[in-house]
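Here is a friendly walk through a few corners of this protein. Have the sequence and the 3D view at hand as you read.

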Amino acid sequence: MKFSRILLIVFLVLVFVMISAITYIKVGLPNIPLRELTVDAGPDRIANGKYLANHVMVCMDCHSTRDWSKFSAPPIDGTLGKGGELFDQNMGFPGKYISKNITPFSLKDWSDAELFRVITSGVTKSGGAIFPVMPYHYYGGMDEEDIKDVIAYLRTLAPIEYTPDASHSDFPMNIIINTMPKEPAFSKKPKKEDSITYGKYLVNAAGCVECHTPFDGMALEMDKAFAGGRAFPMPTGTVITPNITPHPETGIGSWTKNVFVARFKAYDMENGYNPPLVKDGELSTIMPWTMYAGMDETDLAAIFTYLQSLEPIDHKVQVFMASK
């Protein structure tokens with residue numbers, strides 16, 4: 001009888017601890033405070049923010065309406081910043097996540113400090129957490145000035161009167177999500193002359209590792225970072241990201257810098273590229289080639305230099321499987 005009472009007490013204590021922990025996570029987290037910050041939106045700041053948001057961080061890739069009937073799904077004119085792109089369980093996500101409207105229509109009530117916090121730590125205006133479909137963990141490692149530039153640019157977008165549906169997480173992610181935001185760990189933007197370090201900075205800002213690394217349903221398999229293998233279901237089949245480590249046979253070790261840069265520039269719509277329609281069973285891609293194509297050639301070259309400095313990983317990938 002005495003032993004049973006001890007077991008009952010232990011059980012009740014464990015239940016109390018578990019309920020207390022869950023309550024703290026749901027109510028006490030995330031606890032990243034706002035900082036005092038006002039962005040001076042000068043022309044140089046806006047210009048760099050436009051470049052970053054459209055061609056490096058590619059914010060507009062997810063926060064616009066993409067035309068999935070065409071190769072690389074370029075953003076549709078007139079939808080820049082509108083939001084509404086869906087990331088759900090069919091793509092391996094633990095919930096239904098919908099990109100927000102980031103035009104002034106939606107952001108007019110957000111302060112610069114609130115935008116800075118959500119971009120760099122994943123904490124919303126109301127203090128809630130967002131799931132890192134938007135790679136705020138990477139943005140939190142950037143130069144603060146670059147983030148301010150993006151904020152300045154967002155303020156200049158044409159307002160679009162549209163409110164996407166709210167995102168939601170499945171259990172238990174609806175609890176875990178509050179533990180995800182972290183204090184940013186900013187860095188200073190390297191000089192362009194330091195190609196490897198500058199290239200690493202750009203690769204982080206572009207979130208390349210997020211797609212070009214195998215994903216087991218819970219986390220990236222970082223022992224194969226940049227070795228490709230993450231699958232994305234598409235309307236015409238499943239695209240699997242390629243190996244971009246410098247392995248000479250299964251990666252890009254045999255590529256030259258000129259070949260790498262030219263591959264991106266081939267998709268530049270401002271220089272005549274017209275994305276073709278993609279039919280059933282034909283190769284499609286989630287890679288926003290038409291947006292990255294606008295990147296400066298010096299920046300693309302630095303990215304290549306950094307990727308070539310990585311450890312080669314022998315990982316052969318079949319990059320596309322047509323729907324049956």
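## Leu-202 and its surroundings

Leu-202 is buried in this predicted model, because its relative accessibility is just 2%, below the 20% cut-off. You'll find Leu-202 in helix H9. Leaving aside residues up to four places away in sequence, Leu-202 touches Val-56, Asp-299, Ala-302 and Ile-303.

Sequence distance and distance in space tell two separate stories here. Leu-202 and Tyr-306 are 104 residues apart along the sequence, yet their C-alpha atoms are 9.4 Å apart in space.

## Ala-205, also in H9

Helix H9 also holds Ala-205. Is Ala-205 buried or exposed? Its relative accessibility is 0%, so Ala-205 counts as buried.

What does Ala-205 touch, not counting residues up to four places away in sequence? The answer is Val-56, Met-57, Tyr-139 and Met-142. For another distance to try in the viewer, take Ala-205 and Gly-122: these two are 83 residues apart along the chain, and 15 Å separates their C-alpha atoms.

## Helix H13

Now for helix H13, which runs over residues 297–308. Its 12 residues reach 16 Å from the first C-alpha to the last, close to the 16 Å expected at 1.5 Å a residue. At the N-terminal end of H13 sits a cap, Asp-296, with a side-chain oxygen 2.8 Å from the backbone nitrogen of Thr-298.

How many of the 12 residues of H13 are buried? It's 9, so the helix is mostly covered. Among the buried ones are Asp-299, Ala-302 and Ile-303, which Leu-202 touches, and Tyr-306 is buried as well. The buried residues of H13 pack against four helices: H2 (43–56), H9 (195–206), H11 (257–265) and H12 (289–292).

## Ser-72, tucked into a loop

Not everything buried is in a helix. Ser-72 lies in the loop between helix H3 (59–62) and strand E1, and at 1% relative accessibility Ser-72 counts as buried.

The side chain of Ser-72 reaches the backbone oxygen of Met-287 at 2.7 Å. Setting aside residues up to four places away in sequence, Ser-72 touches Arg-66, Thr-285, Met-287, Pro-288, Trp-289 and Thr-290.

## The sheet E1-E2-E3

Time for some strands. Strands of a sheet pair through backbone hydrogen bonds, either parallel or antiparallel. An open sheet of 3 strands has the order E1-E2-E3, and the pairing is antiparallel. E1 and E3 are the edge strands, each pairing on one side only.

Strand E1 (residues 86–87) joins strand E2 (residues 95–98) over 2 bridges, and Phe-87 stands opposite Tyr-97 in E2. Another 2 bridges join E2 to strand E3 (residues 168–169). There, Lys-96 stands opposite His-168, while Gly-95 has Ser-169 as its bridge partner.

## The sheet E4-E5-E6

A second open sheet is made of 3 strands in the order E4-E5-E6, again with antiparallel pairing. Which strands stand at the edges? They are E4 (231–234) and E6 (320–322); each has a single partner strand, so one side of each is left without a neighbour in the sheet. On average, neighbouring strands of this sheet are turned by 15° against each other, direction ignored.

E4 and strand E5 (residues 237–240) run antiparallel and are joined by 4 bridges. If you'd like a pair to look for, Ala-231 stands opposite Ile-240 in E5.

## Cysteines without a bond

How many disulfides does the model have? The count comes to 0. For Cys-59, the closest cysteine sulfur is that of Cys-62, and because the two sulfurs are 8.9 Å apart, they are too far for a bond; the cut-off is 2.5 Å. Cys-211 is in no disulfide either, with the nearest cysteine sulfur, in Cys-208, 8.7 Å away.

These cysteines also sit in different settings: Cys-59 counts as buried at 13% relative accessibility, whereas Cys-211 counts as partly exposed at 28%.

How values were computed. Residues numbered from 1 in each chain as written. Predicted model: local features only at pLDDT ≥ 70, side-chain atom pairs only at ≥ 80, totals over all residues. Heavy atoms only, no water. Buried < 20%, exposed > 50% of the residue type's maximum accessible area, 1.4 Å probe, protein only. Expected span 1.5 Å × (residues − 1). Contact = heavy atoms within 4.5 Å. Polar contact = N/O pair within 3.5 Å; in protein donor to acceptor, adjacent residues only side chain to side chain. Pairing = 2+ DSSP bridges. Axes fitted to C-alpha atoms, helices over the stretch in contact; angles between N-to-C directions.
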